[in-house]
Amino acid sequence: MFGRKPISQVKLRETMAPEPAANDSHASKPSSQPQTLIERAVPVKAEKPEQYYGLKREVFSALIAAIDVAALSAMNNDQARKEIGEIINDILAAKKAGITLSEQNELLDDICNDILGYGPLEPLLARDDIADIMVNGAECIFIEVSGQVQETGIRFRDDEQLLNICQRIVSQVGRRVDESSPICDARLPDGSRVNVIAPPLAIDGPALTIRKFKKDKLTIDQLVKFGSITPEGAEILKIIGRTRCNVLISGGTGSGKTTLLNCLTGYIDHGERIITCEDAAELQLQQPHVVRLETRPPNIEGQGEITMRDLVRNCLRMRPERIIVGEVRGPEAFDLLQAMNTGHDGSMGTLHANSPREAISRIESMITMGGYSLPSKVIREMLVSSVDVIIQASRLRDGSRRITQITEVLGMEGDVVTTQELFVYDILGEDADGRIIGRHRSTGIGRPAFWDRARYYGEEIRLAAALDAAELKKAA
């Protein structure tokens, strides 16, 4: 009735999403508080009444019949929203819908999000205070704010709409999710990490998990401000980054491993050639000479897979000066250790482990499970000659994140790997609001094992000053 070209049924199935309620992102000012501190969770608006959904269905159906999708796809986002808004105003005027201007704007936002973006996820993605978005089926969406998980009143129309949104996300990086390939890792254009697992593996409907990408890259100085590490410990981390120590960052899920890895890479010299290997590219290196590599899943015929080990082995032929592995989780651990031990000092990686000692055991296990028939002592000797420092990141029970240990790998005594801790975090208790009370303390090591390396790179004076300051604070 508006003289527009009708949309095709195929496109309709891809874009139709009239149901979800969306939180108004403009009404929720992003929190300025760090995630390492606990605060009252930012409320998410309750689910809208059924009358709203009924009107939305009617408007959406009329819009689909009136709009020219081919012309819409050629417009930028602002032009498309303006075009959709004009048609929706005409539809509401024809229906004589008695809604306020604010309700009309909210309806327009919801429908534009369904057609142009990620449906009900759009307002959540716009909020910088949200760390994770967890979708457990169409009607169950949780978010993490300031370390605390809370349920939202947002929902999808049904599992089909949720799966369409998942498909839209993963298709942007050339991947797919369906019954034949029900597990997929991907990323959003802003760098947010995405995992999708679909039926039949996900019994209660598709499960979508998004680790949000922070627009403002954190620095080690900000970690000090948040209480994740002391100024003296932060200075040690900066020196570790500048002196080309080989580093493993260990921690549990959501403990801040990738954030810490990003912080450490900030102290890499801008003249160095860096190659990163990741399952889903999310590192934010600021240096000019960076090559980013990403794994690839097999195609529908089961061919063409590029694993993390393939990437690590290939990057050795690319004249790297530093190799950064987003997450070590398999036999690529062997290749990374080989790289660290053959002239690629300053290489870094993360892995899942609950302590530095456990990280050492996990590296050994990953190499063994990769099919290498090497004696355990040989693997440990290779690890000792490759890794200089293990940094432990932890997410405490109150949701705060702390760097709990900075540990040096020293050598071997018999069959046992020897280590020494430079800094540790002691939990002293909790306050009336449930916040963890603790402190970072120096263990009193007068001269770390990388002292000579620090001297070589001209960092000896800074290292001595940081250790002395830590000792003075400990004595006080």
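This is a guided tour of a predicted model, stop by stop.

**Whole chain**

Start with the full protein chain. Its 476 residues are 51% buried. Colour by secondary structure: 16 helices and 15 strands appear. Among contacts with a separation of 6 or more, 60% join residues 24 or more positions apart. Switch on the surface. The chain exposes about 21,600 Å², and carbon and sulfur atoms supply 50% of that area.

**The six-stranded sheet**

Select strands 1 to 6. They make an open sheet, ordered 3-2-1-6-5-4, with antiparallel pairing. Go to the edges next. Strand 3 (148–151) and strand 4 (183–187) each have a single partner strand, so one side of each lacks a neighbour in the sheet. From one strand to the next, the twist averages 15°.

Now zoom in on strand 6 (residues 207–211). On one side, five antiparallel bridges pair strand 6 with strand 5 (residues 193–197). Pick Val194 and look across: Ile210 is its bridge partner in strand 6. Then pick Ile197, whose bridge partner in strand 6 is Ala207. Strand 1 (residues 130–136) is also antiparallel to strand 6, and five bridges join the two. Show Asp132 here; opposite it in strand 6 stands Arg211.

**Helix 5**

Select residues 101–116. This is helix 5, with 16 residues. Draw a distance from its first C-alpha to its last: the helix reaches 22 Å, close to the 22 Å expected at 1.5 Å a residue. Which residues of helix 5 are buried? Show Gln104, Leu107, Leu108, Asp110, Ile111, Cys112, Asn113, Asp114 and Ile115.

**The nine-stranded sheet**

Move to strands 7 to 15. This second stop on sheets is again an open one, in the order 9-8-10-11-7-12-13-14-15. Its pairing is mixed. Strand 9 (290–294) and strand 15 (436–442) stand at the edges; each has a single partner strand, so one side of each is without a neighbour in the sheet. Neighbouring strands are turned by 25° against each other on average, direction ignored.

Select strand 7 (residues 247–251) together with strand 12. The two run parallel and are joined by five bridges. Pick Ser250, then find its bridge partner Gln392 in strand 12.

Add helix 13 (residues 356–369). Which strands does helix 13 lie across? They are strand 7, strand 11 (348–352), strand 12, strand 13 and strand 14 (416–430). Against strand 14, helix 13 runs at about 135°.

**Asp398**

Select Asp398, in the loop between strand 12 (389–395) and strand 13 (401–413). Is this loop residue buried or exposed? Its relative accessible area is 7%. That is under the 20% cut-off, so Asp398 counts as buried. Now add Ile436. The two residues lie 38 apart in sequence, yet their C-alpha atoms are 6.4 Å apart in space.

**The nonpolar cores**

Finish inside. The largest nonpolar core has 36 residues. Show Ile236, Leu237, Ile240, Ile406 and Phe450, which have the most contacts inside this core. Helix 9 (residues 231–242) gives the most to the core, with five residues. Centre on Ile240. Beyond its neighbours within four places in sequence, Ile240 is in contact with Cys245, Val247, Val389, Ile406 and Phe450.

Last selection: Ile323, Leu336, Val384 and Val387. They are among the 33 residues of a second, separate core.

Conventions:
Residues numbered from 1 in each chain as written. Predicted model: local features only at pLDDT ≥ 70, side-chain atom pairs only at ≥ 80, totals over all residues. Heavy atoms only, no water. Helix = DSSP H or I, 4+ residues; strand = E, 2+ residues; numbered from the N terminus. Buried < 20%, exposed > 50% of the residue type's maximum accessible area, 1.4 Å probe, protein only. Contact = heavy atoms within 4.5 Å. Areas by Shrake-Rupley, 256 points an atom, 1.4 Å probe, with all protein chains shown as cover. Core = buried A, V, L, I, M, F, W, Y, C linked by side-chain atoms within 4.5 Å. Pairing = 2+ DSSP bridges. Axes fitted to C-alpha atoms, helices over the stretch in contact; angles between N-to-C directions. Expected span 1.5 Å × (residues − 1).
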